[in-house]
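Please look over the sequence and the structure shown below before reading on. The report that follows takes up a few selected features in turn.

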Amino acid sequence: MTASSPLALPFVPRRVFLFSGHRIDTPERRTPRFPAGQEAVAARCIAEALDAWEAGAGDLALAQGASGGDILFLEACRARGLHLQMLLPLDEPQFVERKILPSVDGERWRERYQALKAGLASPPLVMPARPLTLAHFAVPEGAGPCERCNLWSLDLALRWGADRLRFLCLWNGGGADGDGGTAHLYREAKRRGAPVTWLDTRSLW
């Protein structure tokens, strides 16, 4: 399977857990969103949400792999025996440079990303270059890479039917710094009728 090929699994997942959430703040961020000191709180809440859904072997976990929420989610899913699949909006060197290293303790987050990657049954999938053809969505003209990756991720998650999809987000309810973001994926997942657990960071810290 190449990095840009469709997601192929050796089993039909019982449920598909799709995640989106904040990255750990960069040192220069003026308004804190996910301070590094709140990592343990976020990890506990993600674990509790997965346990409430009884996530485990036979389930599929989809996330990008950025510092913060993505990695915490994937680590929690790995601990529960889920099949993990990383979905990258950029080629891996660019992804690491833009979505992992700028955060506080970026090198530590890169090490955790590499540890997760080393244990994957399938390598990270890199979003195909445009034109991007999806089964369930029309990609808006001019959509940026993060918005397209949201739609691509959700499209893959819906491959086995909307009834299997569960959406988990770690989010402050605000807009993204750029295109896409959790707000966009939250709206699209709800529009598809997915059960949603929103870990609202405004009340977590």
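Which residues in helix 5 are buried?

## Helix 5 and its enclosure

In this predicted model, the buried residues of helix 5 are Cys-146, Glu-147, Arg-148, Cys-149, Asn-150, Leu-151, Trp-152, Ser-153, Leu-154, Asp-155, Leu-156 and Ala-157. Because 12 of the 13 residues of helix 5 are buried, the helix is largely enclosed by the rest of the structure. From its first C-alpha to its last, helix 5 reaches 18 Å, which is close to the 18 Å expected at 1.5 Å a residue.

Arg-148, which lies in this helix (residues 145-157), has a relative accessible area of 12% and is therefore buried, the cut-off being under 20%. Leaving aside residues up to four places away in sequence, Arg-148 touches Met-127, Pro-128, Arg-130, Leu-132, Val-139 and Ala-143.

## Gly-106 in helix 4

Helix 4 covers residues 106-118, and Gly-106 lies in it. With a relative accessible area of 6%, Gly-106 is buried, and its contacts, not counting residues up to four places away in sequence, are with Ile-100 and Leu-101. The C-alpha atom of Gly-106 is separated by 10.0 Å from that of Gly-68, a residue 38 places apart from Gly-106 along the chain.

## Aromatic pairs

A search of the whole structure finds 7 aromatic pairs. One of them is formed by Trp-171 and Tyr-186, whose ring centres are 5.0 Å apart and whose planes stand at 45 degrees, so the pair is tilted; the tilted class holds angles that are neither under 30 degrees nor over 60. Because Trp-171 lies in strand 5 (residues 165-171) and Tyr-186 in helix 6 (residues 181-191), this pair ties together parts that are 15 residues apart in sequence.

Both partners are shielded by the same criterion of burial: Trp-171 is buried, with a relative accessible area of 6%, and Tyr-186 also counts as buried, at 16% relative accessibility. Ring pairs further link Trp-171 and Tyr-186 with Trp-198 into a cluster.

## Charges over rings

Two arginine residues are placed over aromatic rings, as the following distances describe. The charged end of Arg-108 sits over the ring of Trp-109, at 5.1 Å from the centre of that ring, whereas Arg-192 lies over the face of Phe-137, with 4.8 Å to the ring centre.

Notes. Residues are numbered from 1 along each chain as its sequence is written. This is a predicted model: local features need pLDDT of at least 70, side-chain atom pairs count only at pLDDT 80 or more; totals for chains, interfaces and linings use all residues. Side-chain values use heavy atoms; hydrogens and water are left out. Helices (H or I, at least four residues) and strands (E, at least two) are DSSP runs, numbered from the N terminus. Buried means under 20% relative accessible area, exposed over 50%, partly exposed in between (1.4 Å probe, protein chains only). Contact means heavy atoms within 4.5 Å. Rings of Phe, Tyr and Trp (its six-membered ring) pair if their centres lie within 6.5 Å; planes under 30 degrees apart count as stacked, over 60 as edge-to-face and the rest as tilted. A charge sits over a ring if NZ of Lys or CZ of Arg is within 6 Å of the ring centre and within 35 degrees of the ring normal. The expected span of a helix is 1.5 Å times one less than its number of residues.
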